[in-house]
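This briefing covers the fold, the nonpolar core and one helix pair of the chain shown here.

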Amino acid sequence: MMDEYEQKALSELVSWKKKVARKPGRLERMSKKAQIKLNSYIPDRVHKVITDSIKGMIEAVLSGSKYMSKEKNVVLLTLQQKEEWVAETVTAYRKTAVIEGVGTGAAGLLIGLADFPLLLSIKMKLLFELSRIYGFDPNKYEERLFILHIFQMAFSSEEKKFETLRVIEEWDSGKWPEIDWQEFQQEYRDHIDVIKMFQLVPGIGAAVGGYANHHLLEHLGKTAVHCYRIRLLKQ
């Protein structure tokens, strides 16, 4: 029997899944084409930094060599208590990302490029923390793989999000597709807001970096919440 909070969470989850499942509208398709076109103007060294950072991140996550968080005692917590803790954790990491974005954005192109691997690290550390809070053990390979699917869910095209949603819904059946890192990094590169590119522009980089990182961490946190709700509310 669901309590009032769980019923509310389920209602929010259903709405979110409907939004993910709907076909991209004309405006969204045009925005996608514009994003891909703009990406063609981005310097090769920027693309290389992003590509190398994502490849390294995926390898580190799957090998379990980084991002490990302390074990959390959440057995007796309700979903509401867990998600209150989740909200506090997202806020803390979001503040860290904003500070990092402002700092690297203020320093110009060369230092600004450092924002991409730094931000990836912050995002991954957040997801490992949230995994623990929801009661899943990221020491297990399948949970680290699930974390990568959450990341892909957050930062991919509408078509890829729908495909990833189907995978997440069947996760506890033991169907765990591996990650194609080349597709993964391409989706991420194409999804990154154009505003992140303006972070590399001297004079406005600091303000842009802070705003963009705030938005990206908030979006990732909300995506993670819904992905874990899919598994917990089934139980």
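The chain has 11 helices and 0 strands (DSSP runs, H or I of at least four residues for helices and E of at least two for strands, numbered from the N terminus). This is a predicted model, in which local features need pLDDT of at least 70 and side-chain atom pairs pLDDT 80 or more, while totals for chains, interfaces and linings use all residues. Residues are numbered from 1 along each chain as its sequence is written, and side-chain values use heavy atoms, without hydrogens and water.

**Chain totals**
- Of 235 residues, 48% are buried (under 20% relative accessible area, 1.4 Å probe, protein chains only).
- Among contacts (heavy atoms within 4.5 Å) between residues at least 6 apart in sequence, 80% join residues at least 24 apart.

**Nonpolar core**
- The largest nonpolar core (buried Ala, Val, Leu, Ile, Met, Phe, Trp, Tyr and Cys joined through side-chain atoms within 4.5 Å) has 56 residues, of which Met57, Met124 and Phe151 touch the most other members.
- Elements giving two or more residues to this core include H1 (4-21), H4 (79-105) and H11 (205-234).
- Beyond its neighbours within four places in sequence, Phe151 contacts Met57, Leu120, Lys123, Met124, Leu127, Phe184, Tyr188 and Leu220.

**Helices H7 and H9**
- The axes of H7 and H9 (lines fitted to C-alpha atoms over the stretch in contact) lie 9 Å apart, at an angle of about 35° (on a scale from 0 to 180 degrees between N-to-C directions).
- H7 contributes Leu148, Phe151, Gln152 and Ala154 to the contact, and H9 contributes Glu183, Phe184, Tyr188 and His191.

Note on methods: Buried means under 20% relative accessible area, exposed over 50%, partly exposed in between (1.4 Å probe, protein chains only).
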